[in-house]
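Thanks, everyone. Please have the sequence and the structure open while I talk. I'll keep it short.

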Amino acid sequence: MKQNISAQFGLIGKALTHSFSPRYFNERFAAQHLNLHYQAFPIESIDLLPALLAGAPQLQGLNVTIPYKTAVIPYLQGISEEARNIGAVNCIRILEGKLYGYNTDVYGFTESLRPLLKKDHQQALILGNGGAAKAVKAGLRALSIPFRTVSRSGTADYTYDQLDAALIAGYPLLINTTPLGMFPDTASAPAIPYEAIGSRHLLYDLIYNPAETRFLQLGKARGAATKNGNEMLLLQAERSWDLWTGIVSEPIVRV
Ligand code: NAP
């Protein structure tokens with residue numbers, strides 16, 4: 001039977017078989033009896049985006065995932081100031097044939113962390129220095145929390161072998177932005193001295209599968225508060241919806 005789809009949304013990226021967004025949005029649309037559809041569009045190269053758009057005139061919004069969050073920027077007619085500053089776009093609104101880019105990971109991270117903050121959480125240590133770390137840094141700046149970064153290479157403030165107990169004790173907010181511990185690699189965790197963690201610490205893991213990573217388990221065992229990436233994931237998706245539908249807007253600048 002031919003579907004009568006009045007508007008379409010989608011996700012561009014490379015390997016999209018296990019993506020959260022198509023199921024999340026299609027269940028949401030069905031529950032609200034909305035005549036909308038969300039589809040994964042795996043593309044081998046970002047050069048294929050114009051042809052994809054030409055073939056899908058009903059598209060009103062896209063999410064963008066690995067490896068195109070930065071590569072998509074030259075294809076946009078406008079970008080939010082925040083996404084431009086970070087250099088990463090994970091949400092695009094398509095309006096009258098023009099593409100406007102946003103970063104909703106920053107919103108998701110900031111708003112999921114905010115309610116957990118206590119007066120102790122005045123210094124943050126970010127483990128990993130990749131794409132997701134960019135959104136975390138912007139979120140911490142918005143929350144006025146100073147931070148330092150840890151990377152395997154020399155591109156951050158610290159390498160893992162510099163993290164001794166005294167240093168970890170000085171960073172009550174520890175944020176894992178590496179994929180270590182993500183399914184199916186659930187036995188892995190960032191190499192930090194967990195014995196230095198105590199009840200003043202808050203451990204935040206961007207990973208949401210499994211719900212409790214080894215990083216969070218090790219922190220919890222030392223009395224720390226913990227938070228996984230599930231709420232961030234839901235909040236960034238809902239923020240995308242609000243931007244696509246114009247419920248919220250963010251200032252746009254030229255690319
Ligand atoms: P990424 O760019 O591939 O990796 C992030 C960084 O992790 C890398 O740049 C690397 O930093 C470090 N890293 C990678 N493999 C490592 C290893 N074996 N040992 C130690 N460090 C390693 O990925 P991403 O896009 O930033 O995403 C990172 C994680 O965040 C993923 O698990 C993703 O699912 C999650 N995420 C969650 C949400 C959410 O809404 N909850 C949103 C975005 C991302 P260095 O090379 O500098 O060491």
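I'll go through the parallel sheet, its helices, the ligand, a second group of strands, and then one helix and one methionine.

First, a caution. This is a predicted model.

Start with the open sheet. It has five strands. In what order do they run? The order is S8-S7-S9-S10-S11, and the pairing is parallel. Which strands sit at the edges? Those are S8, residues 147–150, and S11, residues 225–227. Each of the two pairs on one side only. Neighbouring strands in this sheet are turned against each other by 15° on average, ignoring direction.

Look at the S11 edge. S10 covers residues 202–205, and three bridges join S10 to S11. These two strands run parallel. For one pairing to click on, take Leu203: its bridge partner in S11 is Thr226. As general background, strands of a sheet pair through backbone hydrogen bonds, either parallel or antiparallel.

Now the helices on this sheet. H5 is residues 131–142. H5 lies across S7, S8 and S9. Its direction is at about 170° to S7, which is residues 124–127. S9, for reference, is 173–176. Next is H7, residues 214–221. H7 lies across S7, S9, S10 and S11. The angle quoted here is to S10, again about 170°.

On to the ligand. How many residues surround the ligand? The count is 20. The closest are Ala132, Ser151, Arg152, Thr177 and Leu206. Ala132 falls within the residue range of H5.

Three backbone contacts deserve a look. A polar backbone atom of Arg152 is 2.9 Å from a ligand oxygen. For Asn129, a polar backbone atom is 3.3 Å from an oxygen of the ligand. Gly131 also places a polar backbone atom 3.3 Å from a ligand oxygen. How much of the ligand does the protein bury? Alone, the ligand exposes 910 Å², and the protein buries 75% of that.

Next, the strands S4, S5 and S6. S6 is residues 98–102, and S4 is residues 78–80. Two bridges join S4 to S6, and the two run parallel. Ile79 has Gly101 as its bridge partner in S6. S5 is residues 91–95. S5 and S6 run antiparallel, joined by five bridges. Leu95 is bridged to Lys98 in S6. S5 and S6 make a hairpin with two residues between the strands. Glu96 in that hairpin takes a positive phi near 50°.

Now H4, residues 104–113. Is H4 enclosed or open? Eight of its ten residues are buried, so H4 is largely enclosed by the rest of the structure. Among the buried ones are Val106, Phe109 and Leu113. The buried set also includes Asp105, Gly108 and Ser112. The N-terminal end of H4 is capped by Asn103. A side-chain oxygen of Asn103 lies 2.9 Å from the backbone nitrogen of Asp105.

Last stop, Met232. Met232 is in helix H8, residues 230–244. Is Met232 buried or exposed? Met232 has a relative accessible area of 7%; the cut-off for buried is under 20%, so Met232 counts as buried. What does Met232 touch, beyond its neighbours within four places in sequence? From H4, the contacts include Asp105, Gly108, Phe109 and Ser112. Tyr204 and Leu206 are in contact with Met232 too. Tyr204 falls within the S10 range, and Leu206 is one of the closest residues to the ligand.

That's the tour. Over to you.

Note on methods: Residues numbered from 1 in each chain as written. Predicted model: local features only at pLDDT ≥ 70, side-chain atom pairs only at ≥ 80, totals over all residues. Heavy atoms only, no water. Pairing = 2+ DSSP bridges. Helix = DSSP H or I, 4+ residues; strand = E, 2+ residues; numbered from the N terminus. Axes fitted to C-alpha atoms, helices over the stretch in contact; angles between N-to-C directions. Contact = heavy atoms within 4.5 Å. Near = heavy atom within 4 Å. Polar contact = N/O pair within 3.5 Å; in protein donor to acceptor, adjacent residues only side chain to side chain. Areas by Shrake-Rupley, 256 points an atom, 1.4 Å probe, with all protein chains shown as cover. Buried < 20%, exposed > 50% of the residue type's maximum accessible area, 1.4 Å probe, protein only.
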